[in-house]
Amino acid sequence: MLSEKEIRQFQQDGYLFVPGLLSREETSLILETARNDHQMLDHAFGVQDTSGRQTRLSLWNHPGDDLFGIVSRTERIVNRMEDLLGGEVYHYHSKMTLKEPRVGGAWEWHQDYGYWYQNGCLFPDMASCLIALDPATKANGCLQVLKGSHRMGRIEHGLAGQQTGADAERVKAATERMELVYCEMEPGTAIFFHSNLLHCSAANTSEFPRWSLICCYNAASNDPYKDSHHPRYTPLHKVPDSAILATGAKMIDGNDSFLKPKPGNPTARVPGSAAV
Ligand SMILES: O=C(O)CCC(=O)C(=O)O
């Protein structure tokens with residue numbers, strides 16, 4: 001599915017863009033379905049950044065037969081993940097991030113493996129596929145990555161607002177030495193990124209929302225040694241790429257694997273919360 005060159009690029013940079021991973025028709029279908037999916041939206045929770053602004057996300061562990069579950073099981077995503085991680089992968093979780101106009105807060109600098117390490121995953125053989133549903137621009141707080149930073153290995157993480165951020169001294173040193181890439185993306189474009197890639201995003205100060213679907217995977221060979229709020233190895237049932245349009249606007253129904261913050265403590269079940 002991916003060329004040797006693309007795999008080498010991912011290994012070198014820690015990320016790979018796939019323009020047009022989803023067609024216009026598929027992307028509009030997903031965004032429209034998301035905006036009307038009450039179960040998904042009712043499970044969304046807010047996470048504050050260091051300035052007190054809030055960004056919202058809805059997160060579920062197991063992919064169902066609804067449209068979002070189907071997207072995360074399509075061959076075009078899963079086969080690419082398997083090429084990048086070097087073998088069978090399973091679905092670790094998916095999240096819809098809802099960065100609303102003028103209010104959507106920032107995500108502090110972090111590595112996803114800064115959190116997932118705590119869940120008993122011995123190796124950073126994990127990665128995410130972020131699909132832009134709205135146009136992602138600097139103005140609406142697009143993802144930012146530090147090119148090649150995954151090669152630093154896991155960095156210590158500590159509290160930053162209601163989120164957990166990577167050690168500030170190391171982030172500063174890294175930003176002085178590595179290229180900062182603003183991931184401006186058309187709807188339907190995806191970025192596959194390594195779990196040790198340092199990333200963040202600024203607040204959304206624009207008039208436009210930035211919703212993204214982020215599907216996260218773990219290598220089957222990296223089955224966590226202990227239970228956590230994300231699943232241990234669970235076989236992933238791939239579906240053909242045509243399944244997205246064939247499924248249509250099927251909303252989430254009866255998925256009991258949403259992550260729920262405890263009342264009064266939005267991050268209680270979400271260590272660090274940003275990379276959850
Ligand atoms: O898309 C974003 O703004 C960042 C999301 C993120 O950092 C994460 O979910 O780990």
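What is the mean pLDDT of the protein chain, and what share of its residues reach 70 or more? I looked this up before anything else: the mean is 93, and 95% of the residues reach 70 or more, where pLDDT is the predictor's confidence in each residue, from 0 to 100. Over residues 264–275 the pLDDT is below 50, although this stretch has 41 contacts in the model beyond near neighbours in sequence; two residues are in contact if their C-beta atoms, placed from the backbone, lie within 7 Å. Where pLDDT is low, the predicted coordinates should not be read in detail.

I note that this is a predicted model, in which local features need pLDDT of at least 70 and side-chain atom pairs count only at pLDDT 80 or more, while totals for chains, interfaces and linings use all residues. Residues are numbered from 1 along each chain as its sequence is written.

**Overall form.** I found 8 helices and 13 strands in the protein chain, these being DSSP runs numbered from the N terminus (helices H or I, at least four residues; strands E, at least two). The radius of gyration, taken over C-alpha atoms, is 17 Å, which agrees with the value near 19 Å for a compact globule of 276 residues; that rule is 2.2 Å times the number of residues to the power 0.38. Buried residues make up 48% of the 276 residues, a residue being buried if 20 or more other C-beta atoms lie within 10 Å of its own, exposed if 12 or fewer, and partly exposed in between.

**The sheet.** I traced an open sheet of 7 strands in the order β1-β11-β6-β13-β4-β3-β2, with antiparallel pairing; two strands pair if DSSP finds at least two bridges between them. The edge strands are β1 (15–18) and β2 (45–48), each of which pairs on one side only. Strand β4 (residues 89–99) pairs with β13 over 10 bridges in the antiparallel sense, and Tyr90 stands opposite Asn218 in β13. Helix α5 (residues 75–85) packs on this sheet, touching β4, β6 (126–132), β11 (190–194) and β13, and its direction makes about 140 degrees with that of β6; the axes are lines fitted to C-alpha atoms, for helices over the stretch in contact, with angles from 0 to 180 degrees between N-to-C directions.

**The core.** Which residues touch the most other members of the largest nonpolar core? I found Met81, Ile131, Ile191, Phe192 and Leu213, in a core of 66 residues, and strand β13 (residues 210–219) gives the most to this core, with 7 residues. A nonpolar core here is a set of buried Ala, Val, Leu, Ile, Met, Phe, Trp, Tyr and Cys residues joined through C-beta atoms within 7 Å. Leaving aside neighbours within four places in sequence, Phe192 has contacts that include Phe10, Tyr15, Leu84 and Cys129.

**Tyr113.** I located Tyr113 in helix α6 (residues 112–116). Tyr113 is buried because 25 other C-beta atoms lie within 10 Å, and, not counting residues up to four places away in sequence, Tyr113 touches Pro124, Met126, Arg154, Ser195 and Asn196.

**Arg102.** I found Arg102 in the loop between β4 and β5 (107–110), with a positive phi near 65 degrees. Most residues other than glycine have a negative phi. Arg102 counts as partly exposed because it has 13 C-beta neighbours inside 10 Å.
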